[in-house]
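Please look through the sequence and the model below, and keep both in view while you read. The paragraphs that follow move from strands to a helix and then to the cysteines.

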Amino acid sequence: MMVTISDEFQMNNIARMKEIYQSVGWKKHSEKVIGQIFSSSNHTVFAFINGELVGFARAISDGVFNAAIYDVIVHPYFQGQGIAKMIVDELLVQLKSISCIHMISTSGNEEFYKKCGFKKLKTGMARYLDVHLTEEYLT
């Protein structure tokens, strides 16, 4: 298995990105929304196997002090092969000069992010408009 990593967001991958979002249960990401969030992100990483997009992630940063990583997603068929780690590692290379990198993990993936070097925040806070996200992520 040859994994190729790219940092170039291409609009012609949006339909496949929507499929990957849906494969992990994220059903609200339309092609329009995907285009908007990735076009607005400072940093992007895409993983391909034999030219097929299998995973991606994005980050937003001020370029100096702070960054936040979002949407680290690998199609379930390709999970467990180290692809998500490759994606996160590439984002961390892109963000190497940033002093504070935040990450909000989906429930159940906390151990993976610990292996990537992330630690639990003492003072993290959030506000969600969606009641289901409030129930899942806030205490």
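How many residues lie between β3 and β4 in the hairpin that they form, and which residue in the turn has a positive phi? In this model, which is predicted, four residues lie between the two strands, and the residue with the positive phi, of about 85 degrees, is G63 in the turn. The two strands of this hairpin, β3 and β4, run in the antiparallel sense and are paired over six bridges, and if you follow the pairing you will find A59 standing opposite I69 in β4.

On its other pairing, β3 meets β2, again in the antiparallel sense, and here the pairing extends over seven bridges. One of the positions to look for is I49, whose bridge partner in β3 is E52. The hairpin of β2 and β3 has two residues between the strands, and N50 takes a positive phi near 50 degrees there. As for how covered the strand is, β3 has ten residues, and eight of them are buried, so that it is mostly covered.

Turn now to helix α1, which spans residues 14–23, and in which I14, R16, M17, I20 and Y21 are buried. These buried residues cover an arc of only 155 degrees around the axis, and therefore they lie on the same side of α1. The general background is that an α-helix has 3.6 residues a turn, so residues three or four places apart point the same way. What do the buried residues of α1 pack against? They pack against the helix α2 (31–39) and also against the strands β2 (43–49), β3 (52–61) and β4 (66–74), so the strand β3, mostly covered as described above, is among their partners. Just after α1 comes G25, a residue that takes a positive phi of about 95 degrees.

Finally, consider the cysteines. How many disulfides does a search of the whole structure find? The search finds zero, and distance explains why C100 is not bonded: its sulfur is 16 Å from the closest cysteine sulfur, which belongs to C116, and this is too far for a bond. For comparison, a pair of cysteine sulfur atoms has to be within 2.5 Å to count as a disulfide. The surroundings of the two residues can be described as well, since C100 is partly exposed, with a relative accessible area of 27%, whereas C116 is buried, with a relative accessible area of 11%.

Conventions: Residues are numbered from 1 along each chain as its sequence is written. This is a predicted model: local features need pLDDT of at least 70, side-chain atom pairs count only at pLDDT 80 or more; totals for chains, interfaces and linings use all residues. Side-chain values use heavy atoms; hydrogens and water are left out. Buried means under 20% relative accessible area, exposed over 50%, partly exposed in between (1.4 Å probe, protein chains only). The arc is that of the directions from the helix axis to the C-beta atoms. Contact means heavy atoms within 4.5 Å. Two strands pair if DSSP finds at least two bridges between them.
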